[in-house]
Structure formats: C-alpha cells, structure tokens
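The following note is offered to a colleague who is examining the structure. The points concern charged pairs and nonpolar packing.

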Amino acid sequence: MKFSLVLLIASAFLPCQSCLGGLFISEYIEGSGNNKAIELFNAGPTAFNLEKTELRFYFNGNTSAGTTLNLSGTVGSGDSFVIADDGAAQAILDVADQVFGSSFFNGDDAIELFDTDLGVLDSFGTIGTDPGSSWGTPSSMDNTLRRIRTVTSGDTNPSDLFDPVLEWVGAGKDVFSGLGSHTVVVPEPASAAIFGMLALGLFGHRRRSDG
C-alpha cells in the first residue's frame, strides 16, 4: 500500500502525454491581401482524424459563423497541418495541406476549431465581441502570430476574454518562415532527488539501536 502511494505521489511530477490535449491552433497568419492561413498542431499521443473537424470564422462580433471550413485528412502525433486561402502567396500554398476559396478572417474576427464529436478544441478571439481593428497586443491585424511553445492544448471556451499576449508571439506582417512546423515544451519529469525524499519519508524509518 505504501509503495503504491509513493508511485501515486511521484506520478504527479511526471509528464502525462494524455494530459497534453490534442489538436490546437499553433500559428495564425493575417497578412496583406489574401495571405491568410491557420496552422494546427497535434500535441496528443495519437493521430487525429479531421473528418469531423471544422474551422469556423465569426466576422465582426457575430455569434454565427460566416464561414465554416470542413477539414479532411489526418494529423499525426507531433505533426502540423496548414489551412490556407487559395489566393495566398506561393510560400504559404507550398506548405498548405488544404486550401479553400471561401472568405477567410480579418484581424478583428474570432476563430473556432470545432469537432462534432469532441466539441470546441480551440478558439482565437472572443465570439460575439468586436474588438475594433484587431485583438490586443501583439496585434492580430497584419501580423503572423505563433503559439508559445509551453501551450500544449487549446482554449476550449470561445466566449472568454482573449488576450493574445498570454499565449501568442508576433512575428510581423507577411512572415511565413516556419509555417508547417511547430514544437511544444513538455514539463520535465521530477528529479530522482524528489522521488528519493518521498520514498524516504515513507520507508526511511531507522531501527532504534539497542545500545
């Protein structure tokens, strides 16, 4: 029983692959003209089938999606998937996995990554809110935004307050380098010293000397 307790406590310090979440938005491009793209990243331990997954764009504070993109294909564990406007620059189209001719987002629109089985997987902006020209700082207008590497799952509440500085880094207008590739930082396991102290606390009772 004590040994099981040690393992249970120690496991709290170990990275949990199933706790890393699954698919989320890892890069957002809102550049000049039709230079619009969304990169998805699968941080889960298994491949993600996009058959029931949609990207929804909510324009100008609207609560109904103005554009819904039905995605297809599979995103392997640790892989990225790029969705782009079919009129985007060739540098974007060269790495795109799926392109659409539908109306894409501008810097003041909300985005929702939705799966019909799993519900909301991630969101960008706040649905039902018109932020003016863009969302916060770094600006979502005329900018490439990249999810910081410590984010390992999406924002599943599309109605909460959105502040891009908390999870996003700006790279500049029409910056496409790195699109199609993303990494996350997984928490390090507990050190042997921590585990040793936990074990000592439960098993390290010394036998009293008879002398």
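**Salt bridges and nonpolar cores**

1. Glu 54 and Arg 56 are joined by a salt bridge, with 2.9 Å between their closest N and O atoms. The model in which this pair occurs is a predicted one. Glu 54 counts as buried because its relative accessibility is 14%, below the 20% cut-off. Arg 56, with a relative accessible area of 19%, is buried as well. Through salt bridges with shared partners, Glu 54, Arg 56 and Glu 112 form one network.

2. How many salt bridges does the count come to? The count comes to seven salt bridges. As a general matter, side chains of opposite charge can pair when their charged atoms come close.

3. A further salt bridge is formed by the side chains of Glu 27 and Arg 146, at 3.7 Å from N to O. This pair links distant parts of the chain: Glu 27 belongs to strand 1 and Arg 146 to strand 11 (residues 143-147), and the two are 119 residues apart. Glu 27 has a relative accessibility of 2% and therefore counts as buried, whereas Arg 146, at 27%, counts as partly exposed.

4. The side chains of Lys 52 and Asp 117 also meet in a salt bridge, at 3.1 Å from N to O. Lys 52 is located in the loop between strand 3 (48-49) and strand 4, and Asp 117 in the loop between strand 9 and strand 10, so the pair ties together parts that are 65 residues apart in sequence. With a relative accessibility of 39%, Lys 52 counts as partly exposed; Asp 117, at 56%, counts as exposed.

5. Turning to the nonpolar residues, the largest nonpolar core comprises 28 residues. Leu 40, Leu 55, Leu 71, Ile 83 and Ile 111 are those with the most contacts inside this core. At least two core residues are supplied by each of strand 1 (23-30), strand 2 (36-42), strand 4 (53-58), strand 7 (80-85), strand 9 (110-115) and strand 10 (119-124). A second, separate core has eight residues, among them Ile 29, Ala 37, Val 82 and Leu 179.

6. Which residues does Ile 83 touch, not counting residues up to four places away in sequence? On that basis, Ile 83 touches Leu 40, Leu 55, Leu 69 and Leu 71, together with Ala 37, Ile 38, Phe 100 and Phe 104; Lys 36 and Gln 98 are also touched by Ile 83. In soluble globular proteins, nonpolar side chains tend to be buried together.

How values were computed: Residues are numbered from 1 along each chain as its sequence is written. This is a predicted model: local features need pLDDT of at least 70, side-chain atom pairs count only at pLDDT 80 or more; totals for chains, interfaces and linings use all residues. Side-chain values use heavy atoms; hydrogens and water are left out. A nonpolar core is a set of buried Ala, Val, Leu, Ile, Met, Phe, Trp, Tyr and Cys residues joined through side-chain atoms within 4.5 Å. Buried means under 20% relative accessible area, exposed over 50%, partly exposed in between (1.4 Å probe, protein chains only). Helices (H or I, at least four residues) and strands (E, at least two) are DSSP runs, numbered from the N terminus. Contact means heavy atoms within 4.5 Å. A salt bridge is a side-chain nitrogen of Lys or Arg within 4 Å of a carboxyl oxygen of Asp or Glu.
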